[in-house]
Amino acid sequence: MPILLHINMNTQAHPFRIALLCGGPSLERGISLNSARTVLDHLASKAIEIVPIYFNEKKQPYPLSTAQLYCNTPSDFDAFLTTSTQPLTKQELVTHLKSCDITFPVMHGIWAEDGSLQRFLERNRIPFIGSGSLACSQAFDKHLAATILQEEGVDHLPTCLLKINDRQIASQAHDFFKTHNLTRAIVKPARGGSSIGVFSVSTAEEAVEKARLIFAKRMDTRVVIEPFAEGREFTVIILENRFNLPVAVLPTEIEADYTNHQIFDYRKKYLPTRAVTYHCPPRFTDEQVDAIQVHAEHLFKLFGLRDVARFDGWVLNDGRIVFSDFNPVSGMEQNSFLFQQAARIGLTHRGVLHAILSHACARYGITPPVQESLPTGRTPLAVLFGGSSSERQVSLLSGANVFLKLSHSAIWQPTAYLLTDTKQVWQLPYGFLLNHTVEEISAMCETAPAALERLHQLVARVHLRLTYGEGHGDLQYLAIPTLLSWEEFLSKHRHIFLALHGGIGEDGTIQAELATHGVHHNGSSAAAAALFMDKQATA
């Protein structure tokens, strides 16, 4: 398909308008909403207006205000939209999208990543961020992607395709298990993501049972069986530089327990858990990291993808590198792999999103918005989270959210601090607070000095190839975390945002110490905090 040249007359006299598409018919609608909120948090500014459009399960589009985007779940959206407003007609949707400078789809799964949505945008000559319809349809379909890899002579896991109306699925599954001498396999929707509907099985009979379950739940009409990969799992983000060349960022190694048919499932992927640990950079050799990056960049070009994508794969026990899943639309939740890996090379959330936006704009001849710079002389603010209570993981989520929101403030200059269980405080670099658990961050802090030299070497190679230029990457985010005593921490800051939950963070203990040292903080006084933490006293 020829490239659409969009003549843009925007001189920045009015805000640059981005139509943000979220929701959709797949089971990944909730993830899409989180992705949309992150884009809104980090791209919206005086120079950029975000225009959200939500698609319900029936693919009906509804215009939203940015405030409405913060409603909690897809069911909340479906409830209030059907009673408060009418969906846009197809022509109204096209008009709405064409009133914006560019469209940003952050939807996942069937229809959103299989090329259907992209085909609609292409037919109506609407410029958009991300890969085109053909590339999406080839990369997202797991069986079709494996077929393309086979035709190109690329090493891959064999697959068996089962179709909902095929009466021979039992014999096909048995033949596949026998041919490859399988004792364990993975069953998953051919066009699914986020590990939804993915099962680990031991026999062909189990595989057929899970396939029929996927069919019954209408997750997909096609199911893929593939051998369970024996090795170490990874995922890698690929970005395009200004010369339209793909550049793989640092892969993340996923350390998990795969015994007893455990897999890297939806819960481990998106919720705080100690059942999985992320290593970025991975504990692979430099040669293996280089091979992963080269392979990923080759496959990005092979499928014809654009702007950004995420690939999942394995370093097998025999040393081979295989890719098992290709995601044309990477998840963009606050601590997603996109932002974790971007932070390792010195890119903030806003920085990497601006880079992706600018690259897409260049493709259409659109003048991109200028990334706003923050004023000097902002007031230092410590954001404190973690602690030793059972609510420390929730505290991490709160603290990370506060830090990232205030990182764009014209008034406050936040610094992230992790409170340890021994009441010491780690001052954290930007990327460290994007991990999923307090324990993971603590382990990274302990090993940071030894890992930093290697990280700098790997980052330098990525920076050289990205060629983003000034304003996108900042190596100050690769600093070593600093361990402070509690007294040193209190003497360093006059303003502290408490994002602690439970224990001494809520019972008035820390509030009393801050008051003694004359430190300003959010929330209640020590007396009020002590009262309300004691349920009997409150009653």
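Strand 2 (residues 48-55) and strand 3 run antiparallel and are joined by three bridges. Within this pairing, Tyr 54 has Tyr 62 of strand 3 as its bridge partner. The model is a predicted one. Strands of a sheet pair through backbone hydrogen bonds, either parallel or antiparallel.

The sheet as a whole is open and contains four strands. Their order is 3-2-1-4, and the pairing is mixed. Strand 3 (61-63) and strand 4 (102-105) form the edges. Each edge strand has a single partner strand, so one side of each lacks a neighbour in the sheet. From one strand to the next, the twist averages 30°.

Two helices that contact the sheet were examined. Helix 3 (residues 90-98) lies across strand 1 (16-23), strand 2, strand 3 and strand 4. Its direction is at about 160° to strand 2. Helix 12 (residues 349-364) also packs on the sheet. The strands touched by helix 12 are strand 1, strand 2 and strand 4. Relative to strand 4, the direction of helix 12 makes an angle of about 130°.

Cysteines were considered next. A disulfide is a covalent bond between the sulfur atoms of two cysteines. With a cut-off of 2.5 Å between sulfur atoms, the count of disulfides is zero. Cys 361 takes part in no disulfide. The nearest cysteine sulfur to Cys 361 belongs to Cys 100 and is 12 Å away. Cys 361 counts as buried because its relative accessibility is 0%. Cys 22 likewise counts as buried, at 0% relative accessibility. The threshold for buried is under 20% relative accessible area.

Notes:
Residues are numbered from 1 along each chain as its sequence is written. This is a predicted model: local features need pLDDT of at least 70, side-chain atom pairs count only at pLDDT 80 or more; totals for chains, interfaces and linings use all residues. Side-chain values use heavy atoms; hydrogens and water are left out. Buried means under 20% relative accessible area, exposed over 50%, partly exposed in between (1.4 Å probe, protein chains only). Two strands pair if DSSP finds at least two bridges between them. Axes are lines fitted to C-alpha atoms, for helices over the stretch in contact, and angles run from 0 to 180 degrees between N-to-C directions. Contact means heavy atoms within 4.5 Å.
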